[in-house]
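Welcome! Let us take a short walk through this structure together, starting with a pair of helices and moving on to charged side chains.

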Amino acid sequence: MRLVDLLSKKRDGGILTREEIHFIVKGCTDNTIPDYQLSAWLMAVYFQGMNTEEVSNLTMEMAHSGETVDLSSIQGIKVDKHSTGGVGDTTTLVLGPLVAACGIPVAKMSGRGLGHTGGTLDKLEAIPGFHIELSTQQFIDNVNHNQLAVIGQSKDLAPADKKLYALRDVTATVGSIPLIASSIMSKKIAAGADAIVLDVKTGTGAFMKTEAEAEALAQAMVNIGSQLGRQTIALISDMSQPLGYAIGNALEVREAIETLQGRGPADLTELSLTLGAHMLVLGGGSDHYEAAYKKLQAVIENGEALAKMKQFVDSQGGSTEVIDNPALLPQAKYQIAVVSRCEGYVESIHSEEIGIAAMLLGAGRATQQSTIDLSAGIQLIKKTGDYVMADEPLAIMHTNNQNLDAIHEKIISAFAISNRKPQPTRLIYKTIHH
């Protein structure tokens with residue numbers, strides 16, 4: 001078999017067999033296929049697409065290109081959740097304890113943030129002493145004992161995906177739905193999930209800017225899950241403004257704690273309960289969605305969800321004192337208000353611009369080598385639909401720097417102020433089943 005023949009086949013719209021996809025992924029992993037040929041293949045896929053069977057085969061081959069995690073010794077159905085990333089997306093920190101408090105095991109491997117999307121691992125590391133690296137056995141033991149553990153992804157998990165992802169980044173092929181879907185799902189399959197709940201974001205702060213793009217990606221991933229024998233469901237949720245009020249690692253941990261105490265922002269609470277209810281149903285913790293939703297509300301109200309967070313943090317070496325007293329989390333030296341220059345309603349907030357501003361303050365990474373300031377970020381004061389007076393704060397910058405004029409302007413320009421109250425935005429657009 002020669003890659004040049006497979007290149008021309010895909011270039012001309014042909015369907016690649018399982019064996020042909022295996023040949024490509026193996027050659028990618030063992031470096032027997034040069035990058036220039038892999039790049040040409042990615043471009044062919046970008047223009048010609050892939051059918052459901054091809055995408056499923058690519059997913060499975062990438063999932064098995066390195067080590068896979070065997071979670072069979074964890075009791076119960078392991079339900080994983082994946083978000084396509086956004087600004088202020090704190091749901092994993094809320095969902096983990098929430099779902100675990102209802103007895104459903106959450107064994108999660110997470111990544112770090114890059115660009116304006118925060119990573120769960122970075123947020124957890126804002127908790128003093130928290131370890132994101134555990135041995136596989138410790139990971140399994142923690143889930144069996146606590147129903148919850150969150151660790152960093154192994155470097156050996158889906159190595160073919162890592163290489164293809166890096167090539168997509170430099171060959172303008174990132175936006176291919178078959179390549180995005182197989183990339184996400186290969187890591188979920190390799191990480192040992194039995195069932196998967198997907199949160200596909202759409203809007204200015206999301207990778208998929210339009211609802212149609214988000215729906216196409218969600219459907220592709222649900223199809224893959226079904227083809228590979230995993231119960232999979234996807235929600236399309238709004239990222240036209242940041243989720244919650246906090247953007248930045250320590251700030252988001254504080255907001256997650258408040259949400260588990262029943263004092264969190266309405267949108268973060270609703271999304272967490274919605275995703276969590278689907279996780280409970282897939283995990284066998286409830287017969288139907290409405291009952292699952294009420295069960296989750298109950299563990300917030302009776303304090304069991306917060307107690308589960310303490311148990312989880314303690315079992316991974318973190319200080320539980322920060323849960324009782326979030327003031328012990330990293331705090332920035334300066335808190336600088338960004339005030340409105342006019343009066344009116346907040347018509348919209350450009351999520352991506354807010355995310356980039358938070359990154360520039362130090363809360364995110366411009367490159368994989370960038371160092372994060374765990375205390376830095378932005379606390380929103382106003383959100384879409386709120387009325388603001390001239391000179392009233394729109395947001396507060398949390399920073400250890402003082403030369404902030406450009407970032408200040410970026411935040412101001414992200415807020416559109418109007419004399420008309422906008423229509424409320426929907427938080428969840430659609431639920432996609434197979």
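Our starting point is a crossing of two helices, α16 and α17, and this crossing is left-handed. Please keep in mind that the model you are looking at is predicted.

To find the two helices, look for α16 at residues 351–363 and α17 at residues 405–414. Their axes lie 9 Å apart, and the helices pack at an angle of about 165 degrees. Angles over 145 degrees count as roughly antiparallel, so α16 is roughly antiparallel to α17. Which residues make the contact? From α16 come Glu-353, Ile-354, Ile-356, Ala-357, Leu-360 and Leu-361, while α17 brings in Ile-407, Lys-410, Ile-411 and Ala-414. Sorted by class, this contact of α16 with α17 has eight nonpolar residues and two charged ones, with no polar residues.

Now let us turn to charge. Side chains of opposite charge can pair when their charged atoms come close. How many salt bridges does the structure hold? There are 22 salt bridges in the structure, and a few of them make good stops on our tour.

One salt bridge joins Asp-12 and Arg-11, whose closest N and O atoms are 3.0 Å apart. Are these two residues buried or exposed? Asp-12 has a relative accessible area of 55% and is therefore exposed. Arg-11 is exposed as well, with a relative accessible area of 52%.

Next, visit Lys-187, which forms a salt bridge with Asp-161; here the closest N and O atoms are 2.9 Å apart. Lys-187 sits in helix α9 (residues 177–190) and Asp-161 in helix α8 (residues 159–170), so this pair ties together parts that are 26 residues apart in sequence. Both Lys-187 and Asp-161 are buried.

Another stop is the salt bridge between the side chains of Lys-383 and Asp-267, at 2.6 Å from N to O. This pair links distant parts of the chain, 116 residues apart. Lys-383 lies in the loop between β9 (377–380) and β10 (387–388), whereas Asp-267 belongs to helix α12 (residues 266–282). Buried means under 20% relative accessible area, so Lys-383, at 6%, is buried. Asp-267 is also buried, because its relative accessible area is 18%.

Our tour ends with a group of residues: Asp-80, Lys-108 and Lys-188 are joined into one network by salt bridges that share partners.

Conventions. Residues numbered from 1 in each chain as written. Predicted model: local features only at pLDDT ≥ 70, side-chain atom pairs only at ≥ 80, totals over all residues. Heavy atoms only, no water. Axes fitted to C-alpha atoms, helices over the stretch in contact; angles between N-to-C directions. Helix = DSSP H or I, 4+ residues; strand = E, 2+ residues; numbered from the N terminus. Parallel < 35°, antiparallel > 145°, perpendicular 65-115°, else oblique. Left-handed = near helix turned anticlockwise from the far one by under 90°. Contact = heavy atoms within 4.5 Å. Nonpolar A, V, L, I, M, F, W, Y, C, P; charged D, E, K, R; others polar. Salt bridge = Lys/Arg side-chain N within 4 Å of Asp/Glu carboxyl O. Buried < 20%, exposed > 50% of the residue type's maximum accessible area, 1.4 Å probe, protein only.
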